[in-house]
Amino acid sequence: PIKTFSFQMKLTDSPDGPNVNAGISQKGGHIVWLLYNREIGESKLDMDQAKKAGLDFLKDRGYEDMVDTYYMKQDNIATVNYAYKQGDVIIYPDLIKLKIALDDGEIVGIESKTFLSNHTQREISEPEISMEEARKKINGNLKVSSSGLAIIPTDYKKELFCYEFKGKLNDSDFIVYINAVTGTEEDILMIVDTPNGVLTI
């Protein structure tokens, strides 16, 4: 757990508007969570613009080398997950979630506990198996559209160094994770592209 100071605030340019609530870490003074439940106007930004607004917000606050992974759109708000990227490896445990108002790109929600709890510069060794060897471990009918390296979290609080393969099988999109050290299949996720965003199950 991260010990926080909790704040309830009013904006100087909107003193009669809703509160902004936030939790700031007692160590380091980082935003652990923030919520601003203002009324969101009509959407004017598309998802690419919203993702960039979130990325700019993170960069301005010293969060470098973040990449957007998944997103959800609801009630004119985009919820975007940003993961840290070290070299050519996406570090999924180092995750920050932003809620972005689609009327003007303002950040109205932040959740960074996962990032603050996990983030460090990792010593990432070279894979023990090649990408070609890893690819042979997946279903041969999966039409791979992209591949790369990633570190993924597990339910038992360990991290696994994997090859990440994204592709299509029988008109469904999947992500397959093959351990880059042992060649073991570690996880399979189905990507569901809904009207509101991209989800994984």
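# Close-up views of a predicted model

**View A. Both Tyr92 and Tyr177 are buried.** The model shown here and in the views below is predicted. Three aromatic pairs are found when the whole structure is searched. In one of them, Tyr92 and Tyr177 meet edge-to-face, with 6.5 Å from centre to centre and 85° between the ring planes. Tyr92 belongs to strand β6 (residues 89-101) and Tyr177 to strand β10 (residues 172-179), so the pair ties together parts of the chain that lie 85 residues apart in sequence.

**View B. The largest nonpolar core has 42 residues.** Within this core, Leu58, Met66, Leu98 and Ile100 are the residues that touch the most other members. Strand β6 makes the greatest contribution, giving six residues. A separate, second core holds 12 residues, among them Ile90, Tyr92, Leu160 and Leu189. In soluble globular proteins, nonpolar side chains tend to be buried together.

**View C. The surroundings of Met66 are shown, with neighbours within four places in sequence left aside.** On this basis Met66 is in contact with Leu55, Leu58, Tyr82, Ala83, Tyr84, Asp94, Ile96 and Phe115. Met66 and Leu58 are also both among the four residues that touch the most other members of the largest nonpolar core.

**View D. Ser112 occupies the loop between β7 (107-111) and α2 (113-118).** The residue is buried, having a relative accessible area of 2%. When residues up to four places away in sequence are not counted, Ser112 touches Ile31, Val32, Leu95 and Ile96. Ile96 is likewise in contact with Met66, the residue featured in View C.

**View E. Asp104 is located in the loop between β6 and β7.** With a relative accessible area of 49%, Asp104 is partly exposed. Its side chain makes a polar contact of 2.9 Å with the side chain of Arg38, and the Asp104 side chain also reaches the backbone nitrogen of Glu106 at 3.0 Å. Beyond its neighbours within four places in sequence, Asp104 is in contact with Arg38 and Leu45. The C-alpha atoms of Asp104 and Gly41 are 8.4 Å apart in space, although 63 residues separate the two in sequence.

**View F. A salt bridge joins the side chains of Asp103 and Arg38, at 3.0 Å from N to O.** The pair links distant parts of the chain: Asp103 is in the loop between β6 and β7, whereas Arg38 is in the loop between β3 (31-36) and α1 (47-60), 65 residues away. Asp103 is buried, with a relative accessible area of 15%. Arg38 also counts as buried, at 15% relative accessibility. A search of the whole structure finds eight salt bridges. Side chains of opposite charge can pair when their charged atoms come close.

**View G. The side chains of Asp56 and Lys52 form a salt bridge of 2.7 Å, N to O.** Both residues lie in helix α1, where a spacing of four residues separates them by about one helical turn. Asp56 is partly exposed, with a relative accessible area of 31%, while Lys52 is exposed, with a value of 52%.

**View H. Asp94 and Arg122 meet through their side chains in a salt bridge (2.8 Å, N to O).** Asp94 sits in strand β6 and Arg122 in the loop between α2 and α3 (131-135), so the pair ties together parts that are 28 residues apart in sequence. Asp94 counts as buried at 0% relative accessibility, and Arg122 counts as buried at 12%. Elsewhere in the model, salt bridges that share partners join Arg38, Asp103, Asp104 and Glu106 into one network.

**View I. The protein chain provides the context for the close-ups, with a secondary structure of three helices and 12 strands.** Its C-alpha atoms fill a box of roughly 60 × 40 × 25 Å along the principal axes. Of the 201 residues, 40% count as buried. The chain exposes about 12,000 Å², of which carbon and sulfur atoms supply 47%. Among contacts with a separation of 6 or more, 44% are between residues 24 or more positions apart.

How values were computed:
Residues numbered from 1 in each chain as written. Predicted model: local features only at pLDDT ≥ 70, side-chain atom pairs only at ≥ 80, totals over all residues. Heavy atoms only, no water. Phe/Tyr/Trp six-rings, centres within 6.5 Å; stacked < 30°, edge-to-face > 60°. Helix = DSSP H or I, 4+ residues; strand = E, 2+ residues; numbered from the N terminus. Buried < 20%, exposed > 50% of the residue type's maximum accessible area, 1.4 Å probe, protein only. Core = buried A, V, L, I, M, F, W, Y, C linked by side-chain atoms within 4.5 Å. Contact = heavy atoms within 4.5 Å. Polar contact = N/O pair within 3.5 Å; in protein donor to acceptor, adjacent residues only side chain to side chain. Areas by Shrake-Rupley, 256 points an atom, 1.4 Å probe, with all protein chains shown as cover. Salt bridge = Lys/Arg side-chain N within 4 Å of Asp/Glu carboxyl O.
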